[in-house]
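Please open the model in your viewer and keep the sequence panel beside it. The stops below say what to select and what is to be found there.

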Amino acid sequence: MIYAVLCSGNLGFNILSNLYNELKIKFVFTDNKSTDIINFCKENNILLFKGNPRNGKANEFIANNKLATKKVDVIISVNYLFIIDKQIIDLASKIAFNVHGSLLPKYRGRTPHVWSIINNEKYAGITAHIIDNGCDTGDIIEQVKFRIGSKDTGASLLEKYNLIYLPLIKKVISKINSNSVILKKQNNLKATYFGKRVPEDGQINWDWQKERIYNWVRAQAYPYPGAFTHFNQQKLVIDEVRFSNFGFNYNLENGKILSLNPLIVKVQNGCLEIIKYRGDLQNIKLNEVFKNDNR
């Protein structure tokens, strides 16, 4: 069997470097910022396309390297940043599959592990599915499901993913080799889609309930850009909070600081203690209010 790998980031590099010792990899697609993948391909003389494959660039690469007449058997996509166009999918003579970080059809789209924590899901997982012309819409090959811990962060959840991606991919490859792949259609009536997140999306709304803010903070905690708030026109990134039994008056403004040591903030249905943060709190005062914007 001849393979091609479409991959990005640390997760993509880990999978590529592990598969390289076992599979015949003909070419790799990645993005310009995945330097580990780029360097790995150069060191091992693997045919490489880097950058955005849109606007005819992938077609040019395919034509220049005569890939259309020398198709690979299997294409594997892991954490790849771009929608995969038909001309790339068609290079696989047997199957092209992607591993997505959710239990499809739930959480199609970007950063599903972060969204699953934000939305207080109890379970997460990964899905190997056929690549089609949609976004994470192809038939399901295999899934792995596990529980989200109450203290899991976006980063810790990704570490769990790192442990199960490779075994799942190897299981799918084994099924391809033995012609025992059984496909399951996704139920589009149960599908959910969540879009790309950027650092500016992390602002805390102190009018939310404490459970929502707790999940919001841990989903984006360090080393991610983080959930944040403002006071005295300063930005404060918050990496960890916990529920507090500190007494409060419901009529007080949400975001009001009720205690400095420990640092406790009043929210819509209770109080939160701020445990870890990035920023300077030296000038903070009792009864100041964290704002929902930077004014």
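Begin towards the C-terminal part of the sequence and select Asn-287, which lies in the segment after strand E14 (270-278). Bear in mind from this stop onwards that the model is predicted. The phi angle of Asn-287 is near 75°, a positive value in a residue other than glycine, and with a relative accessibility of 47% Asn-287 counts as partly exposed. Most residues other than glycine have a negative phi, and most peptide bonds are trans.

**The whole chain**

Now zoom out to the full C-alpha trace, which spans about 70 × 35 × 30 Å along its principal axes. Colouring by secondary structure should bring up 7 helices and 14 strands. Of the 295 residues in the chain, 49% are buried, and among the contacts with a separation of 6 or more, 64% are between residues 24 or more positions apart.

**Helices H1 and H2**

Select helix H1 (residues 9-20) together with helix H2 (residues 35-43), whose axes are 8 Å apart and meet at an angle of about 25°; the two helices are therefore roughly parallel to each other. To see the contact itself, show the side chains of Gly-9, Asn-10, Gly-12, Phe-13, Leu-16, Ser-17 and Tyr-20 on H1, and those of Asp-36, Ile-37, Phe-40 and Cys-41 on H2. Sorted by character, the residues of this contact comprise 6 nonpolar, 4 polar and 1 charged.

Stay with H2 and ask which of its residues are buried. They are Ile-37, Ile-38, Phe-40 and Cys-41, and because they cover an arc of only 165° around the axis, they are on the same side of H2. Turn to the other side of H2 and you will find Lys-42 and Glu-43, which are exposed. If you add strand E1 (2-7), H1, strand E2 (24-30) and strand E3 (47-50) to the selection, you have the elements against which the buried residues of H2 pack. Just after H2, pause at Asn-45, which takes a positive phi of about 55°.

**Helices H1 and H6**

Keep H1 and add helix H6 (residues 154-177), which packs with H1 at an angle of about 45°, the axes being 10 Å apart. These two helices are therefore oblique to each other, and H1 passes H6 in a right-handed crossing. On the H1 side, select Leu-11, Asn-14, Ile-15, Asn-18 and Leu-19, which meet Asn-162, Tyr-165, Leu-166, Ile-169 and Ile-173 of H6. The residues of this contact divide into 7 nonpolar and 3 polar, with no charged residue.

**Asn-55**

Move next to the loop between E3 and helix H3 (57-64), where Asn-55 is placed. Asn-55 has a phi near 60°, a positive value in a residue other than glycine, and its relative accessible area of 76% makes it exposed.

**Asp-136 and the cis bond before Pro-105**

Select Asp-136, which sits in the loop between strand E7 (123-130) and strand E8 (140-147). Is this loop residue buried or exposed? At 11% relative accessibility, Asp-136 counts as buried. Beyond its neighbours within four places in sequence, it is in contact with Asn-98, His-100, Leu-104, Arg-108, Gly-109, His-129 and Gln-186. By contrast, a distance drawn to Ser-150, 14 residues away in sequence, comes to 27 Å from C-alpha to C-alpha.

From Leu-104, one of those contacts, step to Pro-105: the peptide bond between Leu-104 and Pro-105 is cis, with omega near 15°. Pro-105 lies in the loop between strand E5 (92-100) and strand E6 (108-109).

**Ile-204 and the cis bond before Pro-223**

Continue to Ile-204, in the loop between strand E9 (193-194) and helix H7 (210-219), where a relative accessibility of 1% places it among the buried residues. Not counting residues up to four places away in sequence, Ile-204 touches Ile-213, Trp-216, Val-217, Ala-227, Phe-228, Ile-238 and Asn-292. Of these, Val-217 is 13 residues away in sequence and 8.1 Å away in space, C-alpha to C-alpha.

For the last stop, follow the chain past H7 to Pro-223, in the loop between H7 and strand E10 (227-231), where the peptide bond from Tyr-222 to Pro-223 is cis, with omega near 15°.

Key: Residues numbered from 1 in each chain as written. Predicted model: local features only at pLDDT ≥ 70, side-chain atom pairs only at ≥ 80, totals over all residues. Heavy atoms only, no water. Axes fitted to C-alpha atoms, helices over the stretch in contact; angles between N-to-C directions. Helix = DSSP H or I, 4+ residues; strand = E, 2+ residues; numbered from the N terminus. Parallel < 35°, antiparallel > 145°, perpendicular 65-115°, else oblique. Contact = heavy atoms within 4.5 Å. Nonpolar A, V, L, I, M, F, W, Y, C, P; charged D, E, K, R; others polar. Buried < 20%, exposed > 50% of the residue type's maximum accessible area, 1.4 Å probe, protein only. Arc of directions from axis to C-beta. Left-handed = near helix turned anticlockwise from the far one by under 90°.
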